[in-house]
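Colleague: I'd like a close look at a single part of this model, the place where protein and DNA meet. Could you walk me through that part, and then through whatever holds the protein chains beside each other?

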There are 2 protein chains.
Amino acid sequence: MDVLDLRKRPSQQRSARTMDVVLEAAAQVLEAGGLGAFNTNAVAARAGVSIGSIYQYFPGKDAVMAALIRLEAARFEAELARALEAAADLPLAQAVERLVALAVASQTARPNLARILDLEERRLGLEAEVTIRSQTTIGQLTQFLARHDVPDPQVAAGDLQNLVRGMVDGALHADPHDLTRRIARAAMGYLSGQAGDP
Amino acid sequence: MDVLDLRKRPSQQRSARTMDVVLEAAAQVLEAGGLGAFNTNAVAARAGVSIGSIYQYFPGKDAVMAALIRLEAARFEAELARALEAAADLPLAQAVERLVALAVASQTARPNLARILDLEERRLGLEAEVTIRSQTTIGQLTQFLARHDVPDPQVAAGDLQNLVRGMVDGALHADPHDLTRRIARAAMGYLSGQAGDP
DNA sequence: GCAGTATGTGAGTAATTACTCGCTTTGGAT
DNA sequence: ATCCAAAGCGAGTAATTACTCACATACTGC
């Protein structure tokens, strides 16, 4: 039984609108004001609900954070799944470019939020439910890479995810298209250099 | 006149030991407990000085943070400068491997700290003194890459820094030596793929 | 209408925390 | 020894904030 769990949702089939509104407000507060501005009052105000309502849906502040992390993870994973399906029959280079473009678009929408969620995921995920966000993302990527005969696909998947994340994080004010090209180049470079060069 | 400046240091030639102690304590608190544990009382306690003393050397909490960011930046830049000098006559691939090893070692020592400083730098550096930490680092790298006839060395320097940072951040529990090899491969892959493939 | 329940409210509370200020201690010059 | 300024101290203060709870309102089946 985790403090971050939402099992205590008062009824089974709630309108869920309030919850969504709160999470969206939390995202906006984090994006606009950073971790320091993320407090229950600010989130409630932005969501247009009372503080009490927040505590009807979430056992505490950290639970809001955790729910937001899971939400964003789920969104990205859904997009990734679609993109992977669409790119299934493409040659590796083109497939990689598409996936990178997806990652760039995803992070560019709310640059600060992504960074904060990264950091908070580590703080909250204290060993349990390790890396909420990347678990299945990595899984999907691993399978994709394995199909393209990339050696050590699991490690490669993790490396690529980190490579992309780092480059997107660092260069958010660049032109997205150009950035995508450079990141794709780095990713392909990594994959080409894979394994036994003699 | 910035709130983060330390110009108001009470005397011109202070022992500076207290200041160092405070900064080291701040680093330890951040590494151990994250941003949430970073408060003036905790830092003072860990440093073995009183709260008052902190405020004799720093105009406020954020100034401690800023000073720590500058300190770590200066340390890394010094190491980088030495490494670049030592690697000046090496072929590109070997030079890159050495630089990557340095970055890995640097971040591995205090993994959480590095991430937090990244985030805080953005929060504090609001447009002024843009990217305290990477300014001269990038400069040094740019010159190095230019000497090796890398096209667009400035962009490449930034990309490489972000690529390395991302990969190190994401895989801190891996074996440092293996990690270094993989990152170096990615970096070389990026550099090889540079410019006009037809 | 009405009973009963689900949902929403927001003033209040207890805890935390950045920072102040009047005081004590230290150390060096005479 | 005496003085003085520099350095250090830490209880106190005002502000912030996570969270509670007694109450109000909306909704549902009758």
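Modeller: Sure, and keep in mind that this is a predicted model. Let's start with DNA strand C. It has 15 residues around it, and the closest are A:Thr18, A:Tyr57, B:Thr40, B:Tyr55 and B:Lys61, a list that takes in residues from chain A and chain B. Which part of the strand faces the protein? Of the strand C atoms within 4 Å of the protein, 69% are sugar or phosphate atoms, and the rest are base atoms.

Now zoom in on the phosphates of strand C. The side chain of A:Thr18 has an N or O atom 2.9 Å from a phosphate oxygen. For A:Ser53, a polar side-chain atom is also found 2.9 Å from a phosphate oxygen of this strand, and for A:Tyr57 the distance from a polar side-chain atom to a phosphate oxygen is 2.7 Å. Zooming out to whole elements, two or more residues of the surface near strand C come from α3 (51–57) of chain A, and likewise from α3 (51–57) of chain B. The top contributor is α3(A), with 4 residues. Sorted by class, the surface near strand C has 9 polar, 4 nonpolar and 2 charged residues.

Next, swing over to DNA strand D. Here 15 residues surround the strand, and the closest are A:Thr40, A:Tyr55, A:Lys61, B:Thr18 and B:Tyr57. Of the strand D atoms that come within 4 Å of the protein, 71% are accounted for by sugar and phosphate. This time, let's look at some backbone atoms of the protein. A polar backbone atom of A:Thr40 sits 2.6 Å from a phosphate oxygen of strand D, while one of B:Ser50 is 3.1 Å from a phosphate oxygen. B:Gly52 reaches a base instead: a polar backbone atom of this residue is 3.4 Å from a base nitrogen of strand D. The elements giving two or more residues to this surface are α3 of chain A and α3 of chain B, and α3(B) gives the most, with 4 residues. The class split near strand D is 4 nonpolar, 9 polar and 2 charged.

So much for the DNA; on to the place where the protein chains meet. In chain A, 22 residues are in contact with 22 residues of chain B. Together the chains bury about 2,000 Å², with 61% of that on carbon and sulfur atoms. Of the area that chain A buries against chain B, 26% comes from A:Leu119, A:Arg122 and A:Arg185, more than from any other three residues.

There are charged partners here too. The rule finds 2 salt bridges across the interface of chain A and chain B, and B:Asp159 and A:Arg182 pair up in a salt bridge with an N to O distance of 2.6 Å. Counting polar contacts between the chains gives 4 residue pairs. On the side of chain A that touches chain B, the elements with two or more residues are α6 (111–124), α8 (153–170) and α9 (176–192). Of the elements, α8(A) gives the most, 8 residues. This side of chain A has 10 nonpolar, 6 polar and 6 charged residues.

Finally, how do the copies relate? Chain A superposes on chain B by a rotation of 180 degrees with 0.0 Å of shift along the axis, at an RMSD of 0.0 Å. The two copies are therefore related as by a two-fold rotation axis. Also, 100% of chain A's interface residues are interface residues in chain B as well, so the copies meet through the same surface.

Definitions and conventions. Residues are numbered from 1 along each chain as its sequence is written. Chains are lettered from A and ligands numbered from 1 in the order in which they are written. This is a predicted model: local features need pLDDT of at least 70, side-chain atom pairs count only at pLDDT 80 or more; totals for chains, interfaces and linings use all residues. Side-chain values use heavy atoms; hydrogens and water are left out. A residue is near a molecule or strand if one of its heavy atoms lies within 4 Å of it. A polar contact is a pair of N or O atoms within 3.5 Å; within protein, one must be able to donate a hydrogen and the other to accept it, and residues adjacent in sequence count only if both atoms are side-chain atoms. Ala, Val, Leu, Ile, Met, Phe, Trp, Tyr, Cys and Pro count as nonpolar, Asp, Glu, Lys and Arg as charged, and the others, Gly among them, as polar. Contact means heavy atoms within 4.5 Å. Buried area is the accessible area (1.4 Å probe) that two parts lose on being put together, summed over both. A salt bridge is a side-chain nitrogen of Lys or Arg within 4 Å of a carboxyl oxygen of Asp or Glu. Copies are superposed by least squares on the C-alpha atoms of residues with pLDDT of at least 70 in both.
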